Amino acid sequence: MTTMTTRCPHCKAMNRIPTERVNDIANCGACKDRLLDGMPIEGTTDNFLSLIQSDKPVVVDFWAPWCNPCVGFAPIFEDVAKERNGEVRFVKIDTEAQQALAAQYRIRSIPTIMVFKNGQMVDTINGALPKGQFDQWLNQALTK
């Protein structure tokens, strides 16, 4: 059985999840809150492939802590993640900490937002957007 490790978005505890159960409802072993839905998940080289191969669409925010537009967009990304709880998964990848993933997906500017379905990228956009525009773009991307 292969596993992936993910950090709880609520209490920051590390949790191991069997990769074959990534589509199930998973709860944190420490705080018992949901791990994979309702809040952005920290994407790493260890868990990213398992996350994007989910039955649910996955929205990924490639960002960096020193990037002002990224920091300004973070609350919008979190709000939309809460609103679309259970329908879509949201993942944040820190391009400073996860340079291999940033290189693999050819991230040249941040924030870069990508939408994946069944492991395949279906759409991408660069730059921070206001919430209304982000929702509109996301609705279109999810129909692809």
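## A tour from Asp94 outward

Begin by selecting Asp94, which is buried yet takes part in no salt bridge; its nearest side chain of opposite charge, that of Lys92, is 9.5 Å away. Bear in mind that this is a predicted model.

**Stop 1: around Asp94.** Colour strand β5, residues 89–94, to see where Asp94 sits. What lies 2.9 Å from a polar atom of the Asp94 side chain? Show the backbone of Glu96: the atom is its nitrogen. Then add Trp63, Ala64 and Pro65, which are in contact with Asp94 when its neighbours within four places in sequence are left aside.

**Stop 2: Lys92 and Asp61.** Stay in β5 and select Lys92, whose side chain meets that of Asp61 in a salt bridge, 2.7 Å from N to O. The partners belong to distant parts of the chain: Lys92 is in strand β5 and Asp61 in strand β4 (residues 58–63), 31 residues apart. Is Lys92 buried or exposed? Lys92 counts as buried because its relative accessibility of 15% falls under the 20% cut-off. Asp61 is buried too, at 0% relative accessibility.

**Stop 3: the sheet.** Switch to a cartoon view and follow the strands. They form an open sheet of five, in the order β3-β5-β4-β6-β7, with mixed pairing. Which strands stand at the edges? They are β3 (41–42) and β7; each has a single partner strand, so one side of each has no neighbour in the sheet. In general, strands of a sheet pair through backbone hydrogen bonds, either parallel or antiparallel. For β3 and β5 the sense is parallel, over two bridges. Select Glu42 here to find the residue that stands opposite Lys92 in β5.

**Stop 4: Asp135 and Arg84.** The structure holds five salt bridges, and another one to display joins the side chains of Asp135 and Arg84, at 3.1 Å from N to O. Asp135 lies in helix α4 (residues 131–142), while Arg84 is in the loop between α2 (68–83) and β5, so this pair ties together parts 51 residues apart in sequence. Both Asp135 and Arg84 are buried.

**Stop 5: Lys144 and Asp123.** Next select Lys144, which forms a salt bridge with Asp123; the closest N and O atoms are 2.9 Å apart. Here too the pair links distant parts of the chain, with Lys144 in the segment after α4 and Asp123 in strand β7 (residues 120–126), 21 residues apart. Accessibility separates the two partners: Lys144 counts as exposed at 52%, whereas Asp123 is buried at 14%. Asp123 therefore sits on an edge strand, since β7 is the strand that holds Asp123 and stands at an edge of the sheet.

**Stop 6: the cysteines.** Finish by selecting the cysteines. A disulfide is a covalent bond between the sulfur atoms of two cysteines. How many disulfides are there? With a limit of 2.5 Å between cysteine sulfur atoms, the count comes to zero. Cys31 is in no disulfide, and its nearest cysteine sulfur, that of Cys8, is 3.7 Å away. The Cys8 sulfur is not paired with Cys31 because 3.7 Å is not within the 2.5 Å limit. Cys31 is partly exposed, with a relative accessible area of 29%. Cys70, in contrast, counts as buried, at 1% relative accessibility.

Note on methods:
Residues numbered from 1 in each chain as written. Predicted model: local features only at pLDDT ≥ 70, side-chain atom pairs only at ≥ 80, totals over all residues. Heavy atoms only, no water. Buried < 20%, exposed > 50% of the residue type's maximum accessible area, 1.4 Å probe, protein only. Helix = DSSP H or I, 4+ residues; strand = E, 2+ residues; numbered from the N terminus. Lys, Arg positive; Asp, Glu negative; His and termini not counted. Salt bridge = Lys/Arg side-chain N within 4 Å of Asp/Glu carboxyl O. Polar contact = N/O pair within 3.5 Å; in protein donor to acceptor, adjacent residues only side chain to side chain. Contact = heavy atoms within 4.5 Å. Pairing = 2+ DSSP bridges.
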